[in-house]
Amino acid sequence: MRSVNVGRARQIAVRRGRPLMSAIGKRPVAGRVRVAGSAVEGDAQADLRVHGGPDKAVYAYAAEDAAWWAEALGRPLEPGAFGENLTVEGVDVTGARIGERWRAGTAELEVSQPRIPCSKLGVRFGDPGMVRRFADAGRPGAYLRIVTAGDVAAGDPLEVLSRPAHDVTVAMVSRAILFDDALLRPAAAAPALPPSLARWMRERAG
C-alpha cells in the first residue's frame, strides 16, 4: 500500500452563491489508521447523500493509474490526488470483481462499486473537462465496504483474499452506468452491488 489518505470537508468553490463543500482534498497520514464501521478514522465526506456510508466506506485508487494520469496531465500527482483513502499498488483495481475481498493491514474490505466522477473532481484539478476525461479513461478506482474492522498503514501489503465466480468488474459497472446501456442488466446481476444501485441499473435498462 503506497499511502493512507484522509481529509476534512472544506470549501472548494462557490456555486449559485453558496459555498461548495468537499473532502476530496485528502493527504497522506503517518502511522496506523483505524478502518471501522463505514469510515476511515480522521476522514469525512461533505455530502452524505452521494458520498460515504457502508457501501462507500473506503475509496481505493491504483498508484499505477495515478502514474498514468501524471503522464497524461504532464505533472506530478501526490497520493490522494483523486480523493482516495488508499493509494494501492500491485492490485488490478479496475479489473477487480464486485464482491472481491481484500486484506489491507488487519482490515478485510469488499469491492462494492466504481467511483462515478462529479463536478468536484473538476474543481480539484482546476479543469471542468476533467470529469469527462476521468470517465473516458476507464480508471475509476473502487469503493470498498468494511467487512472486518482493522487498521492500515502505508507499506502494508494488500492481498486479494477471494474473487466471486462472476465476471462483473469495477470497469464493467462503470462503463454500464456511463456509456453502455446494454451492460446495465448483466452488470446489475453482481450480488455484492449495493441494492439501490443494482435496482437503478435494472430500471434504467428497462
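**Getting to know the fold**

Mentor: This is a predicted model. A compact globule of 206 residues would have a radius of gyration near 17 Å, and the protein has 16 Å, which agrees.

Trainee: Okay! What does the C-alpha trace span along its principal axes?

Mentor: About 40 × 40 × 30 Å.

Trainee: And how many helices and strands are there?

Mentor: The protein has six helices and 13 strands.

Trainee: How much of the protein is buried?

Mentor: Buried residues account for 47% of the 206. As for contacts with a separation of 6 or more, 72% of them join residues 24 or more positions apart.

Trainee: Let's pick one helix. Which residues of H3 are buried?

Mentor: H3 covers residues 130-137, and its buried residues are Met 130, Phe 134 and Ala 135. Looking down the axis of H3, you find them within an arc of 140°, so they line one face of the helix.

Trainee: Why do residues three or four places apart point the same way?

Mentor: Because an α-helix has 3.6 residues a turn.

Trainee: Nice. What do the buried residues of H3 pack against?

Mentor: Their partners are strand E7 (58-62) and three helices: H1 (63-73), H2 (119-125) and H4 (170-178).

Trainee: What follows H3?

Mentor: Gly 138 does, and its phi is positive, near 65°.

Trainee: Switching to the outside: how much area does the protein expose?

Mentor: About 9,700 Å², with carbon and sulfur atoms supplying 51% of that.

Trainee: And the charges? How many positive and negative side chains are there?

Mentor: There are 29 positive and 23 negative ones, and the centres of the two sets are 7 Å apart.

Methods: Residues numbered from 1 in each chain as written. Predicted model: local features only at pLDDT ≥ 70, side-chain atom pairs only at ≥ 80, totals over all residues. Heavy atoms only, no water. Helix = DSSP H or I, 4+ residues; strand = E, 2+ residues; numbered from the N terminus. Rg over C-alpha atoms; globule rule 2.2 N^0.38 Å. Buried < 20%, exposed > 50% of the residue type's maximum accessible area, 1.4 Å probe, protein only. Contact = heavy atoms within 4.5 Å. Areas by Shrake-Rupley, 256 points an atom, 1.4 Å probe, with all protein chains shown as cover. Lys, Arg positive; Asp, Glu negative; His and termini not counted. Charge placed at Lys NZ, Arg CZ, Asp CG, Glu CD. Arc of directions from axis to C-beta.
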